[in-house]
Amino acid sequence: MRLAILSDIHGNPLALDAVLADIQSQGEVDAYWVLGDFAALGYDPVTPLEKITALPHASFTRGNTDRYVVTEDLPVQPEKALQDPALLPQVIEATRSFSWTRGYLSAAGWLDWLTNLPLEVRLTLPDGTRLLGVHASPGRDDGPGIQLRHSDGKLEQRLAGCEADVVIVGHTHVPLDRQVGRIRAINLGSVSNPVTPGLQATYVLLDADEQGYRIQLRRVDYDREAAIKAIEHSRHPTPSFLTGFMRGERVASSDPGTGLANVLRTRRRNEREQTTAEGDSGRIITNLATSLLVETISLRIAWDDPFYDS
Ligand SMILES: [Fe+2]
């Protein structure tokens, strides 16, 4: 059997069409999983929904931005702007952006579909491998998700009790494939709103039979200039935020999952946990100081990025 797994389409039918064409070029697919963030932060919230709900044997899960569209939740809590007025522009921008998407989807009759999305999807593969699909991490459609910079210990906590052998997520828009204890954690990246160098759409093809399974991360180019033009003609209230993804402006600030800095960060955290276990107080203090600095930088990145909302 073959399963195509994608996520984070973000109202970009151009990117979705390129991914669906690539899936077709690879042969027959038995089922699709689409793991959330369907419509918001994009120029055309409706067309991708029409396309993916027409796919055969498709399952869907809720992303954090889908929840923001249908509830009062926002990536930046308005109450925080009362304590820190510097946050007001972010609150206003987020409110305008998600209100625009909500109105668009409401007029087209999609709000109920978006409201009723499940949090997770599960499947047992022919060889007995238990597969879990969820937007950010087991039990969550938001939060830090699953990233390369997270230590093994932190990821083990995040994956604990998930009752799966393979966990597939999106949310951070940064692909990864990582073994954490007995669990394989895979981030498929995103169809749209790229934050990694290359700016391609990414998704996963999973082939499985009685002997085992194989996972393939696919990278797909599409016409980002056409997407920029479509955004500029869409009357979306925050066009420069959207075109920034297509122009690669968000790669440096929101891609903590790649590069040397990330490798060093992960190594420091693993060392800190190991040192803590050994009881070496001098090294604990040094490593905690390093980690505090890294956390401060990471929090700054997280604060700037609406996808990292906790
Ligand atoms: Fe997303």
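This text leads through the structure from its overall make-up to its two sheets, one helix and a few single residues.

The structure is a predicted model. Its chain has 310 residues, of which 42% count as buried. Along the chain there are 12 helices and 10 strands. Contacts often link parts of the sequence that are far apart: among contacts between residues at least 6 apart in sequence, 69% join residues at least 24 apart.

We begin with one of the sheets. Five strands form an open sheet in the order 3-2-1-9-10, and their pairing is mixed. At the edges stand strand 3 (58-60) and strand 10, each with a single partner strand, so one side of each has no neighbour in the sheet. From one strand to the next, the twist averages 20°. Within this sheet, strand 1 and strand 2 (residues 31-34) are paired in the parallel sense, over four bridges. One position shows this pairing at the level of residues: I5 stands opposite W33 in strand 2.

I5 also leads into the interior of the model. In soluble globular proteins, nonpolar side chains tend to be buried together. Here the largest nonpolar core comprises 60 residues, and those with the most contacts inside it are I5, A15, V19 and Y203. When residues up to four places away in sequence are not counted, I5 touches W33, L35, G133, I168, L188, Y203, V204 and L206.

Two of these core residues, A15 and V19, belong to the buried residues of helix 1, which are P13, L14, A15, L16, V19, L20 and I23. An α-helix has 3.6 residues a turn, so residues three or four places apart point the same way. The buried residues of helix 1 are covered by elements that include strand 1 (2-6), helix 2 (46-52), strand 9 (201-209), strand 10 (212-220) and helix 8 (224-233). The length of helix 1 can be checked by simple reasoning. At 1.5 Å a residue, its 13 residues (residues 13-25) should span 18 Å, and its end C-alpha atoms are indeed 18 Å apart, which agrees. Just after helix 1 comes G27, which takes a positive phi of about 110°.

Strand 9 contains a residue in another setting, D207. Is D207 buried, exposed or partly exposed? It counts as partly exposed, because it has 16 C-beta neighbours inside 10 Å, whereas a buried residue needs 20 or more. With neighbours within four places in sequence left aside, D207 is in contact with R2, Y213 and R214. D207 and D30 are 177 residues apart in sequence, but their C-alpha atoms are 9.8 Å apart in space.

We now turn to another sheet. This open sheet of five strands has the order 4-5-6-8-7, again with mixed pairing. Strand 4 and strand 7 (176-180) are its edge strands, each pairing on one side only. The twist from one strand to the next averages 15°.

The strands of this sheet can be followed one pair at a time. Strand 4 (residues 120-124) and strand 5 run antiparallel and are joined by five bridges; V121 has G133 in strand 5 as its bridge partner. These two strands form a hairpin with five residues between them, and G128 in the turn has a positive phi of about 95°. Why is strand 5 (residues 130-134) described as largely enclosed by the rest of the structure? The reason is that four of its five residues are buried.

Strand 5 runs parallel to strand 6 (residues 166-169), to which it is joined by three bridges. In this pairing, L132 has V167 in strand 6 as its bridge partner. Together, strand 5, helix 7 (residues 152-159) and strand 6 make a right-handed β-α-β unit. Strand 6 in turn pairs with strand 8 (residues 183-187) in the parallel sense, over four bridges, and the bridge partner of V169 in strand 8 is N187. Helix 7 packs on the sheet, where it touches strand 6, strand 7 and strand 8; its direction makes about 85° with that of strand 7.

The path ends in a loop. V195 lies between strand 8 and strand 9. Although V195 is in a loop, it is buried, with 25 other C-beta atoms within 10 Å. V195 and G244 are 49 residues apart along the chain, and their C-alpha atoms are separated by 9.6 Å.

Note on methods:
Residues are numbered from 1 along each chain as its sequence is written. This is a predicted model: local features need pLDDT of at least 70, side-chain atom pairs count only at pLDDT 80 or more; totals for chains, interfaces and linings use all residues. The expected span of a helix is 1.5 Å times one less than its number of residues. A residue is buried if 20 or more other C-beta atoms lie within 10 Å of its own, exposed if 12 or fewer, and partly exposed in between; C-beta atoms are placed from the backbone. Two residues are in contact if their C-beta atoms, placed from the backbone, lie within 7 Å. A nonpolar core is a set of buried Ala, Val, Leu, Ile, Met, Phe, Trp, Tyr and Cys residues joined through C-beta atoms within 7 Å. Two strands pair if DSSP finds at least two bridges between them. Axes are lines fitted to C-alpha atoms, for helices over the stretch in contact, and angles run from 0 to 180 degrees between N-to-C directions. A crossover is right-handed if, with the strands pointing away from the viewer, the path from the first strand over the helix to the second runs clockwise.
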